[in-house]
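Work through the following exercises with the sequence and the model side by side, and try each task before reading its solution.

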Amino acid sequence: MERIGIYGGTFNPPHTGHISAALQAAERLCLDRMLLIPTGITPHKQLPAGSPNAGQRLEMLKIAAKSHKMLEISDLELRREGKSYTYQTVLELKEQFPDAQLVLIMGTDMFLSFENWRNPDIILENASLGVMYRGEKDEAKAIAEKKVQMQAKGAKIELVENKILRISSTDLRRMLTFGCAAPFLPEGVGEYIRENGLYGSDRNYQGLTVEELEAEVLGLLKENRIAHVLGCRDTAVQLAKHWGADEIHAARAALLHDVTKALDGPLQLTLCQEYGILLNSFSQKNTKTLHALTGSLVARRVFGEEQAVVDAIRHHTTGKADMNLLEKIIYVADYMEPNRDFPGVDRLRELAFSDIDAALALGLEMTITMLKGQGREVSPESREALAWLQRKERTVC
Ligand code: FE
Ligand code: FE
């Protein structure tokens with residue numbers, strides 16, 4: 001009996017992770033073919049503003065899958081009027097292929113919340129579920145339990161462990177803005193995106209006003225980082241006013257300081273690779289601090305920022321010896337902005353307006369103590385920054 005896989009998604013845009021997941025699932029589940037079905041109006045979420053239209057998503061998916069005979073594209077959901085549900089797709093396919101076995105492909109999250117879908121029983125009567133999971137310990141346990149539970153009710157469930165590349169379409173859109181998405185785009189998709197000016201690929205991000213820059217940056221952050229970045233901007237401007245630094249530079253550096261922070265360690269490394277940066281061993285191992293470097297690269301290459309702004313972003317996590325006033329301001333503002341709450345923050349806030357070097361030293365000391373306490377490696381730049389401040393203080397005395 002023919003076995004047909006059903007792999008739905010927004011494919012906004014389609015990426016190499018989708019294609020390799022589809023191929024792996026097809027192989028492991030012994031499918032005769034795999035249907036890739038871009039979703040129409042999704043019941044759970046609307047597509048982000050500025051997304052390509054349905055026809056463009058379909059076209060990109062066709063390009064992405066063109067060299068794999070096993071993968072077929074279906075516009076069945078895009079043609080559907082009104083809200084679209086998976087059970088409708090399964091029923092339509094069952095009608096189209098009455099003698100085939102249908103296997104609905106899904107990831108862990110979807111599987112674990114399966115009973116919340118519309119008409120799950122109809123789906124299970126007409127298809128088996130092919131669950132792609134990564135084999136991490138907690139995940140495997142939750143899936144195994146759920147499988148037993150559902151099988152007891154007659155569901156047919158097939159598990160596929162895979163180690164495919166994990167990148168969300170949201171992160172991919174960020175990588176597109178940063179000009180570093182090439183490793184994740186199937187052949188031809190990048191060209192299509194550029195030719196059609198999708199995902200802001202025809203936008204010029206250079207020469208933005210502070211207000212325009214704010215709007216762009218907020219769109220690249222995770223929701224829970226927005227308050228921090230705006231707090232940092234306000235604090236940096238206050239400090240710049242107080243100490244006589246350039247307020248515009250302070251605002252721009254603060255807005256951009258965490259611009260790449262949403263990306264995880266592997267994506268940080270990809271950014272460095274794409275920008276042709278060779279990393280020292282500390283940075284390779286400690287990807288948490290890498291967003292300062294990648295943020296500075298994005299500030300210069302994407303947003304065309306001046307060197308002073310770029311440098312302040314570059315050193316905001318670790319500090320360094322010989323920091324200039326703007327670099328100190330961004331480091332301290334990041335540490336003390338109004339959303340920060342930890343023992344010692346009030347002292348830091350006082351010092352920031354009376355002795356910026358002392359505030360910087362306190363920040364560095366607290367970071368070093370915390371890292372040591374957690375058994376983590378301290379950046380050589382932080383040690384050098386602190387030693388430099390201590391030398392400076394002795395010279396003044
Ligand atoms: Fe940061
Ligand atoms: Fe920050």
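**Exercise 1.** Determine which spacing the donors of the iron ion (ligand 1) follow along the chain, and identify the residues that coordinate this ion.

*Solution.* Along the chain, the donors of the iron ion (ligand 1) follow the spacing D-x32-H-x24-H. In this predicted model, the residues concerned are Asp 258 (OD), His 291 (NE2) and His 316 (NE2), which coordinate the iron ion (ligand 1) at 2.2 Å. Donors here are N, O and S atoms within 2.8 Å of the metal (3.2 Å for Na, K and Ca), and since water is not among the atoms, sites may look incomplete. Next, place the donors in the fold: Asp 258 sits in the loop between H11 and H12, while His 316 sits in the loop between helix H15 (307–314) and helix H16 (325–336), and the pair links distant parts of the chain, 58 residues apart. Helices (H or I, at least four residues) and strands (E, at least two) are DSSP runs, numbered from the N terminus. Finally, both Asp 258 and His 316 are buried, where buried means under 20% relative accessible area, exposed over 50%, and partly exposed in between (1.4 Å probe, protein chains only).

The conventions are as follows: residues are numbered from 1 along each chain as its sequence is written, and chains are lettered from A and ligands numbered from 1 in the order in which they are written. Local features need pLDDT of at least 70, side-chain atom pairs count only at pLDDT 80 or more, totals for chains, interfaces and linings use all residues, and side-chain values use heavy atoms, with hydrogens and water left out.

**Exercise 2.** Describe the coordination of the iron ion (ligand 2), and explain why its arrangement is classed as irregular.

*Solution.* Begin with the donors: His 228 (NE2), His 257 (NE2), Asp 258 (OD) and Asp 334 (OD) coordinate the iron ion (ligand 2) at 2.2 to 2.3 Å. The arrangement is irregular because the 4 donor atoms subtend angles of 79 to 168°. Four donors count as tetrahedral if all angles lie between 85 and 135 degrees; four count as square planar and six as octahedral if opposite donors are over 155 degrees apart and all others between 65 and 115; anything else is irregular. In sequence, the donor residues of the iron ion (ligand 2) are spaced H-x28-H-D-x75-D. His 228 lies in helix H10 (residues 226–243) and His 257 in the loop between helix H11 (247–256) and helix H12 (265–274), so this pair ties together parts that are 29 residues apart in sequence. His 228 and His 257 are both buried.

**Exercise 3.** Which residue coordinates both iron ions, and how far apart are the ions?

*Solution.* Asp 258 coordinates both the iron ion (ligand 2) and the iron ion (ligand 1), and the two ions are 3.3 Å apart.

**Exercise 4.** Examine the backbone of the loop between E1 and H1, and then that of Asp 322.

*Solution.* Phe 11, found in the loop between E1 and H1, has a positive phi of about 50° although it is not a glycine, and it is buried, with a relative accessible area of 1%. A cis peptide bond, with omega about -5°, joins Asn 12 and Pro 13, and Pro 13 has its place in the loop between strand E1 (3–9) and helix H1 (16–28). Asp 322, in the loop between H15 and H16, also is not a glycine and has a positive phi of about 60°, but at 55% relative accessibility Asp 322 counts as exposed.
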